[in-house]
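Trainee: I should like to learn how to read a model of this kind, feature by feature. Could we begin with a helix and work outwards from there?

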Amino acid sequence: MFTTSTPTRSSTTSKTTTPKTTGRRIKRWTAVTLIAAAMALGATACLPPAAPAAPTPPDAVTTGVLDAMNRDRAANGIGALGWNNQLAGLGTTWAAHLGAANGGLVHQDLTAVLYSPGYEGYSTLGENLLVGPESMTTDQMEAAWMASSGHRANILRANFTTAGVGYSYANARIWVAVEFGG
């Protein structure tokens with residue numbers, strides 16, 4: 001006794017196909033797959049690019065200063081400062097200048113900076129400076145700034161939303177410039 005099965009649309013699990021129908025299925029499957037891939041590619045091309053990762057401070061000193069300021073801001077109900085590489089570069093340059101001059105703490109002209117090319121996105125800038133022994137910790141730096149009304153005001157100013165920290169070691173001291181932007 002012989003049984004045969006022919007391709008039909010039924011609920012049986014036994015099917016027999018011929019090379020001719022297999023070739024058609026492969027072509028159909030390939031066409032459907034290509035269309036689906038093209039549609040998926042077209043849909044993803046319409047999506048906005050993924051947001052870049054937020055910049056982070058590059059080392060322990062800058063991370064420590066930013067974290068300490070953000071702890072004090074949180075304790076006072078103020079949002080955290082985001083790290084800003086442009087402001088960090090400004091602070092690093094100024095801290096190196098102060099260390100090389102080995103003089104007193106003199107603020108840079110932030111009004112001139114605010115109106116210089118590349119700073120158009122800011123409506124306000126601020127700066128905290130510090131010089132201390134090389135061994136000074138970031139918590140000691142923050143305590144010194146928080147003990148000074150003007151420095152404390154900069155740290156807790158809600159209009160400042162980003163900051164960058166620069167520092168330099170010179171003459172057995174650390175020179176620090178924190179630049180705030182908003």
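Mentor: Let us begin just past the end of a helix. Helix α2 is followed by G77, whose phi is positive, near 70 degrees. Please keep in mind throughout that this is a predicted model.

Trainee: What caps the N-terminal end of α2?

Mentor: A cap of this kind is read from a side-chain atom and a backbone nitrogen. Here the residue is D59, with a side-chain oxygen 3.1 Å from the backbone nitrogen of V61.

Trainee: How far apart are the end C-alpha atoms of α2, and what span should its 16 residues have?

Mentor: The test relies on a rise of 1.5 Å a residue, so the 16 residues of α2 should span 22 Å. The end C-alpha atoms are 22 Å apart, which agrees with that expectation.

Trainee: How should I read the burial pattern along a helix?

Mentor: An α-helix has 3.6 residues a turn, so positions three or four places apart point the same way. In α2 the buried residues are V61, T62, G64, V65, L66, A68, M69, N70 and R73. They pack against β1, α5, α6, β3 and β4.

Trainee: N70 is a polar residue in that list. Is N70 buried or exposed, and what does its side chain reach?

Mentor: The cut-off for burial is a relative accessible area under 20%. N70 has 15%, and therefore counts as buried. Its side chain reaches the backbone nitrogen of L81 at 2.6 Å. Leaving aside neighbours within four places in sequence, N70 is in contact with A80 and L81.

Trainee: Where does α2 stand in the overall architecture?

Mentor: The order of elements is the place to look. The protein has six helices and four strands, and from the N terminus they run α-α-β-α-α-β-α-α-β-β. Of the contacts with a separation of 6 or more, 66% are between residues 24 or more positions apart.

Trainee: How many residues does the largest nonpolar core have, and which have the most contacts inside it?

Mentor: A core is read as a connected set of buried nonpolar residues. The largest one here has 22 residues, and those with the most contacts inside it are M69, M141, W145, V176, V178 and F180. At least two residues of this core come from each of α2 (60–75), α5 (138–146), α6 (149–156), β3 (162–170) and β4 (173–181). Another core, of eight residues, lies apart from it and includes L90, L110, Y119 and L125. In the protein as a whole, buried residues make up 34% of the 182 residues.

Trainee: May we take one core residue in detail? Which residues does M141 touch, beyond those up to four places away in sequence?

Mentor: M141 lies in helix α5 and touches V65, L130, M136, I174 and V176. Its relative accessible area is 1%, so M141 is buried. The C-alpha atoms of M141 and M69 are separated by 10.0 Å, although these residues are 72 apart along the chain.

Trainee: How should I read the strands?

Mentor: In a regular strand the side chains alternate between the two faces of the sheet. Burial of a strand can then be examined residue by residue. β3 is mostly covered, with seven of its nine residues buried.

Trainee: How many bridges join β3 to β4, and do these strands run parallel or antiparallel?

Mentor: Nine bridges join them, and the two strands run antiparallel. Within this pairing, V165 stands opposite V178 in β4. β3 is also joined to strand β1 (residues 82–83) by two bridges, and that pair runs parallel. There, the bridge partner of G82 is T162 in β3.

Trainee: What lies between β3 and β4?

Mentor: For a hairpin, one counts the residues in the turn and then inspects their backbone angles. β3 and β4 form a hairpin with two residues between them. N171, in the loop between these strands, has a positive phi of about 55 degrees although it is not a glycine. A172 is found in this loop too, and its phi is near 60 degrees, again positive in a residue other than glycine.

Trainee: Is A172 buried or exposed?

Mentor: The cut-off for exposure is a relative accessible area over 50%. A172 has 55%, and is therefore exposed.

Trainee: And how is the surface of the whole protein summarised?

Mentor: One reads the total area and then the share of each atom type. The accessible surface comes to about 11200 Å², of which 62% belongs to carbon and sulfur atoms.

Note on methods: Residues are numbered from 1 along each chain as its sequence is written. This is a predicted model: local features need pLDDT of at least 70, side-chain atom pairs count only at pLDDT 80 or more; totals for chains, interfaces and linings use all residues. Side-chain values use heavy atoms; hydrogens and water are left out. Buried means under 20% relative accessible area, exposed over 50%, partly exposed in between (1.4 Å probe, protein chains only). Contact means heavy atoms within 4.5 Å. Accessible areas come from the Shrake-Rupley method with a 1.4 Å probe; for residues, only the protein chains shown count as cover. A nonpolar core is a set of buried Ala, Val, Leu, Ile, Met, Phe, Trp, Tyr and Cys residues joined through side-chain atoms within 4.5 Å. A polar contact is a pair of N or O atoms within 3.5 Å; within protein, one must be able to donate a hydrogen and the other to accept it, and residues adjacent in sequence count only if both atoms are side-chain atoms. Two strands pair if DSSP finds at least two bridges between them. The expected span of a helix is 1.5 Å times one less than its number of residues.
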